[in-house]
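Colleague: Could you take me through this model, starting with its open space and then turning to its sheet?

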Amino acid sequence: MTVDASMSFADYHALDRLSAGRINALMESPAIYHARHVLPPTDPNYLGDDDTPATRRGSAHHALIMEGQEAYEQRFRVWRGGKTVKGLPTMSRNSKDYETFQQDCAADGVTEISVGDHEAAQNMAAAIWGHEDARALLHEGKGANEVTMLFDLLGQPCKARADRIITSADVIVDLKSTMHSTLADVKKAAGSQGYHRIAEWYRRAYLETHGRPLRDYLFVSVRAARPWLVWVWRFSAEAEAVASIEADYALREIIGRTATGDWLPDECRSIQTIELSPWQVSPQARAEMDQRA
């Protein structure tokens, strides 16, 4: 069991161990897990990690909030335009200036972000600083950021990387960015993206590496657009119970399917029957069905 607050994200990512992301991939589909985490990158069916503008924006926001302005500036560079036209810099990315900017970024090992993404990161950081609970969790008191935990479950090597651990209080804080504008929508997205399973995985990681259970797992969700909103929240006891069951199931599935090499989803076997959801039934059909009942 290992706890390491100095391991780089690249080194962490390179570790071939079970993670919360792999648990969520299995719950999405065994075929997705196989394509993303079993097949070699040279296989034409391999699914690598998505490198999109959205993921790069998220990384920039996370770096500024969790690591500070200096670390942020060392890792990200803002494209502010090339030669001026009528006194204003041109933001065109179809230019020699932009090509030179990209080359400089590659040579210096930094990631390009737009002015808009840069300003969003600054506003998100300010919003968190202005939120009493979020500021206390992420910036005040003793705590360690970007903590890697290495452990074993059911004989399988596992890993987790916590955004922030407040060991004195046995609390993990998970920073998330969102485009949603209400807590109700944040809740829907959290369930569909498997945040409850992530929290469960980190609870297990903490217990295995620290020898005692977490007292709390808290999310700080910050809106990545105006208005700059911040929510601090946790899952209910019922959601935690669901997550525990799903994590156990995913672990068993990964171990069993790794042994057999069978990654076909069960729903692809035999003939399936699909029901219509209530919202898919027209009012006319619903009225007729009610009369027949």
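Colleague: How much space lies in the second largest pocket?

Modeller: The model is predicted, and the figure is therefore a computed one for that model. Rolling a probe the size of a water molecule over the atoms shows where empty space is left. For the second largest pocket, the space comes to about 220 Å³.

Colleague: Which helix gives the most to the lining of the second largest pocket?

Modeller: The lining includes Leu183, Lys187, Ala190 and Gly191, as well as Trp233, Arg234 and Phe235. By class, it has 5 nonpolar, 2 polar and 2 charged residues. With 4 residues, the element that gives the most to this lining is helix H9 (residues 183-192).

Colleague: Why is one side of S1 and of S10 left without a neighbour in the sheet?

Modeller: The sheet is open, with 6 strands in the order S1-S6-S7-S8-S9-S10 and mixed pairing. Strand S1 (2-4) and strand S10 (230-233) stand at its edges, so one side of each is left free because each has a single partner strand.

Colleague: Which residue in S6 is the bridge partner of Thr2?

Modeller: S1 and strand S6 (residues 144-153) pair in the antiparallel sense, over 3 bridges. Within S6, the bridge partner of Thr2 is Leu150.

Colleague: At about what angle does helix H10 run to S6?

Modeller: Helix H10 (residues 195-210) packs on the sheet, where it touches S1, S6, strand S7 (156-166), S8, S9 and S10. Another helix, H7 (residues 115-129), lies across S8, S9 and S10, running at about 130° to S9. For H10, the direction makes with that of S6 an angle of about 80°.

Note on methods. Residues are numbered from 1 along each chain as its sequence is written. This is a predicted model: local features need pLDDT of at least 70, side-chain atom pairs count only at pLDDT 80 or more; totals for chains, interfaces and linings use all residues. Side-chain values use heavy atoms; hydrogens and water are left out. Two strands pair if DSSP finds at least two bridges between them. Helices (H or I, at least four residues) and strands (E, at least two) are DSSP runs, numbered from the N terminus. Contact means heavy atoms within 4.5 Å. Axes are lines fitted to C-alpha atoms, for helices over the stretch in contact, and angles run from 0 to 180 degrees between N-to-C directions. On a 1 Å grid over the protein atoms alone, a cavity is a set of points where a 1.4 Å probe fits but cannot get out, and a pocket is an open set with protein on both sides within 12 Å along at least five of seven lines; lining residues have an atom within 4 Å of a point. Grid points are joined across faces, edges and corners, and a volume is the space filled by probe spheres set on the points. Ala, Val, Leu, Ile, Met, Phe, Trp, Tyr, Cys and Pro count as nonpolar, Asp, Glu, Lys and Arg as charged, and the others, Gly among them, as polar.
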